[in-house]
Amino acid sequence: MLFQIKSYLKFLWYSKNEHAVHSPFVFNLITKCFYDKKSKPEYAILQQYRNTLLENKNSIEVTDFGAGSKVFKSNKREIAQIAKTAGISAKRARLLFRILNYFQPENILELGTSLGLATSAMALGNKNAQIITLEGCPNTANQCQLQLQKFNINNVACVITEFSEYLKTHPDSYRDSQPTTHDLIYFDGNHSKQATLDYFELLLPTITNDSVWIFDDIHWSAEMEEAWEAIKKRPKVSVTIDTFQWGLVFFRREQPKEHFVIRV
Ligand SMILES: C[S@@+](CC[C@H](N)C(=O)[O-])C[C@H]1O[C@@H](n2cnc3c(N)ncnc32)[C@H](O)[C@@H]1O
């Protein structure tokens, strides 16, 4: 916690708004998407999706993955508690919705579904998108599937799998000479340095010039900050944007390498 406070103070010190940005690509993203304050009809659906989870007092047996939960001890957890602690915040879900709406990515991958709070934001952000979302805990994934059905969200395929298992053995293997491409990837599970860097390398063959990658919790721990610094240095990465909670990564070849720290 102390680490995160220190890290946040540093972020506040270095962060800027659109006035300090000279790149038209980043300026437009900030002004037309990040800072778009207009209400959208889909925000009400996202809120309902969240509310029904927060009202759900049923418990499920959860399988723990990744860097582990900093909150729970037992493996039996209430749906409402999972939604409150593991899911994306309402403000971030609206931002994710806008990012999807702005870039209109069609082929999306999410690492870490949980109850689908972020998945639903992406699915509504671009209704033409096809989303593959990976979750290692079968009971959590089942709850998510039920919730997506309840809200008629049909452009999502939930895959129950350990992440690296999927990335290494998927039929359209990411190591093939003509791998699947992803227009957007949301990394939100297993917040450890090594795993984050491994997923980065495994998924690198799937980029296009316009791919957008979003890493959650880049300041969660010293390790995650190290992972973020290593990602920024990767040769194929051109622009990065640190919004404290998220690190956005772009691979646009026409763009000089530049790292932005932006308040959202
Ligand atoms: C932070 S939650 C995802 C939250 C979700 N994206 C949202 O905003 O609602 C991370 C999820 O990833 C899953 N997870 C973590 N590491 C994993 C791994 N190595 N393989 C499969 N699933 C994993 C956990 O079970 C957990 O449900």
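Asn139 is partly exposed, with 32% relative accessible area, in a model that is predicted. The residue belongs to helix H7, which spans residues 138-150. Beyond residues up to four places away in sequence, Asn139 touches Ile60 and Glu61. Its C-alpha atom is separated by 31 Å from that of Glu225, and the two residues are 86 apart along the chain.

Ser120, in helix H6 (residues 117-125), is by contrast buried, because its relative accessibility is 1%. When neighbours within four places in sequence are left aside, the contacts of Ser120 are Leu46, Tyr49, Leu148 and Ile153.

The cysteines were examined next. Zero disulfides are present in the structure. Cys137 takes part in none, and the nearest cysteine sulfur to it, in Cys144, is 11 Å away. Cys137 has a relative accessible area of 1% and is therefore buried. For Cys144, the closest cysteine sulfur is that of Cys158, at 4.2 Å. A disulfide requires the two sulfur atoms to be within 2.5 Å, so the separation between Cys144 and Cys158 is too far for a bond. Cys144 is likewise buried, with a relative accessibility of 0%.

The strands considered here form an open sheet of eight, with mixed pairing and the order S5-S4-S3-S6-S7-S9-S8-S10. The edges are held by strand S5 (156-160) and strand S10 (258-261). Each of these has a single partner strand, so one side of S5 and one side of S10 have no neighbour in the sheet. From one strand to the next, the twist averages 15°. The pairing of S5 with strand S4 (residues 130-135) is parallel and runs over five bridges. Within this pairing, Ile131 has Val156 of S5 as its bridge partner. Helix H2 (residues 24-34) packs on the sheet and touches strand S8 (239-242), strand S9 (246-250) and S10. The direction of H2 makes about 40° with that of S8.

Empty space was then surveyed. The second largest pocket holds about 320 Å³ of space. Its lining comprises 17 residues, and those closest to the pocket centre are Lys10, His219, Glu225, Glu229 and Asp242. Two or more lining residues come from each of helix H1 (2-14), helix H10 (222-233), S8 and S10. H1 gives the most, with six residues in the lining of this pocket. Strands S8 and S10 thus appear both in the lining of the second largest pocket and among the strands touched by H2.

As for enclosed space, the search of the whole structure finds two cavities of 30 Å³ or more. The largest cavity contains about 70 Å³ of space. It is lined by Phe187, Asp188, Gly189, Asn190, His191, Thr196, Tyr199, Phe215, Asp216 and Met224. Helix H9 (193-203) and strand S7 (212-216) are the elements that give two or more residues to the lining of the largest cavity. S7 is also a member of the eight-stranded sheet, where its place in the order is between S6 and S9.

Definitions and conventions:
Residues are numbered from 1 along each chain as its sequence is written. This is a predicted model: local features need pLDDT of at least 70, side-chain atom pairs count only at pLDDT 80 or more; totals for chains, interfaces and linings use all residues. Side-chain values use heavy atoms; hydrogens and water are left out. Buried means under 20% relative accessible area, exposed over 50%, partly exposed in between (1.4 Å probe, protein chains only). Two strands pair if DSSP finds at least two bridges between them. Helices (H or I, at least four residues) and strands (E, at least two) are DSSP runs, numbered from the N terminus. Axes are lines fitted to C-alpha atoms, for helices over the stretch in contact, and angles run from 0 to 180 degrees between N-to-C directions. Contact means heavy atoms within 4.5 Å. On a 1 Å grid over the protein atoms alone, a cavity is a set of points where a 1.4 Å probe fits but cannot get out, and a pocket is an open set with protein on both sides within 12 Å along at least five of seven lines; lining residues have an atom within 4 Å of a point. Grid points are joined across faces, edges and corners, and a volume is the space filled by probe spheres set on the points.
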